Amino acid sequence: LKNYNDIFLVYADAQTHGKGTKNHSWDSNGDDIYMSICFEVDKINYAKLMMSASVIILNKLKKEIGHTKQNLVKIKWPNDIYIADKKIAGILFEKVKYEDKYFMIIGIGINANRSSEVLKLKNDVEKTNKITSLFLETNRLHSKEEIIDEIFFDIKQNVYQSNDENSKNYSELATKRIKNSEWKKKKNSNGIYSWVGIEVSD
């Protein structure tokens with residue numbers, strides 16, 4: 001947050017200390033999606049944005065699942081997404097203070113390309129039977145980068161649209177910058193990715 005100047009995204013191939021609500025751990029491996037989106041919340045309706053973010057993720061998963069199972073994809077408000085009675089994604093909303101500013105961090109974990117073998121959790125059969133993945137539901141691999149890109153883009157637009165009327169001009173400018181930007185990813189030595197927006201001319 002030290003060099004913060006806009007909404008930003010960080011994602012990783014794997015997590016060593018992933019967490020969910022109520023300090024529950026989030027099992028991770030290289031087949032799935034682990035992403036966090038951070039932005040300032042001083043001028044944003046916090047509760048409304050939480051609901052909007054959950055719906056954005058829900059709709060993206062419905063798109064990936066396809067028509068035959070779309071009606072089975074539901075939100076367990078406010079933090080989990082299920083297909084029928086099996087969990088496929090978790091969302092963690094955190095509000096943190098840095099210096100004199102408040103920020104929201106949206107942590108998103110999605111079971112993307114896990115096989116049935118990977119889903120076996122330390123012989124916990126009951127828990128394993130309550131988890132699924134996009135791969136298991138569709139029998140095909142899914143592009144993690146495409147899912148991350150679309151969720152980030154939609155949430156970013158929603159953040160700007162959630163600014164109050166006094167920030168309308170800034171919101172319109174920011175949205176224009178989104179459309180006129182090239183997004184490039186960088187990966188550090190720990191396997192952590194970040195996206196950098198570079199504004200380009202019309």
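1. Order of elements first. Reading the protein chain from its N terminus, you get β-β-α-β-β-β-β-α-α-α-α-β-β. That is five helices and eight strands. Keep in mind that this is a predicted model.

2. On confidence, the protein chain has an average pLDDT of 76, with 62% of the residues at 70 or above. Two stretches fall below 50: residues 164–184 and residues 192–202. Neither is free of contacts in the model: beyond near neighbours in sequence, 164–184 makes 39 and 192–202 makes 40. I'd flag both stretches by their pLDDT, which is below 50 for 164–184 and for 192–202.

3. Now the core. The largest nonpolar one holds 37 residues, and Ile81, Ile108 and Ile110 have the most contacts inside it. Who contributes? At least two residues each come from the strands β1 (8–12), β2 (33–40), β3 (73–76), β4 (80–83), β5 (86–98) and β6 (101–110), and from the helices α1 (46–65) and α4 (144–161). Helix α1 gives the largest share, with eight residues.

4. Back to the whole protein chain, for burial and surface. Of its 202 residues, 42% count as buried. The exposed area is about 12,000 Å², and carbon and sulfur atoms supply 48% of that.

5. Last, contact range. Taking contacts in the protein chain with a separation of 6 or more, 57% are between residues 24 or more positions apart.

Conventions
Residues numbered from 1 in each chain as written. Predicted model: local features only at pLDDT ≥ 70, side-chain atom pairs only at ≥ 80, totals over all residues. Heavy atoms only, no water. pLDDT = per-residue confidence, 0-100. Contact = heavy atoms within 4.5 Å. Helix = DSSP H or I, 4+ residues; strand = E, 2+ residues; numbered from the N terminus. Buried < 20%, exposed > 50% of the residue type's maximum accessible area, 1.4 Å probe, protein only. Areas by Shrake-Rupley, 256 points an atom, 1.4 Å probe, with all protein chains shown as cover. Core = buried A, V, L, I, M, F, W, Y, C linked by side-chain atoms within 4.5 Å.
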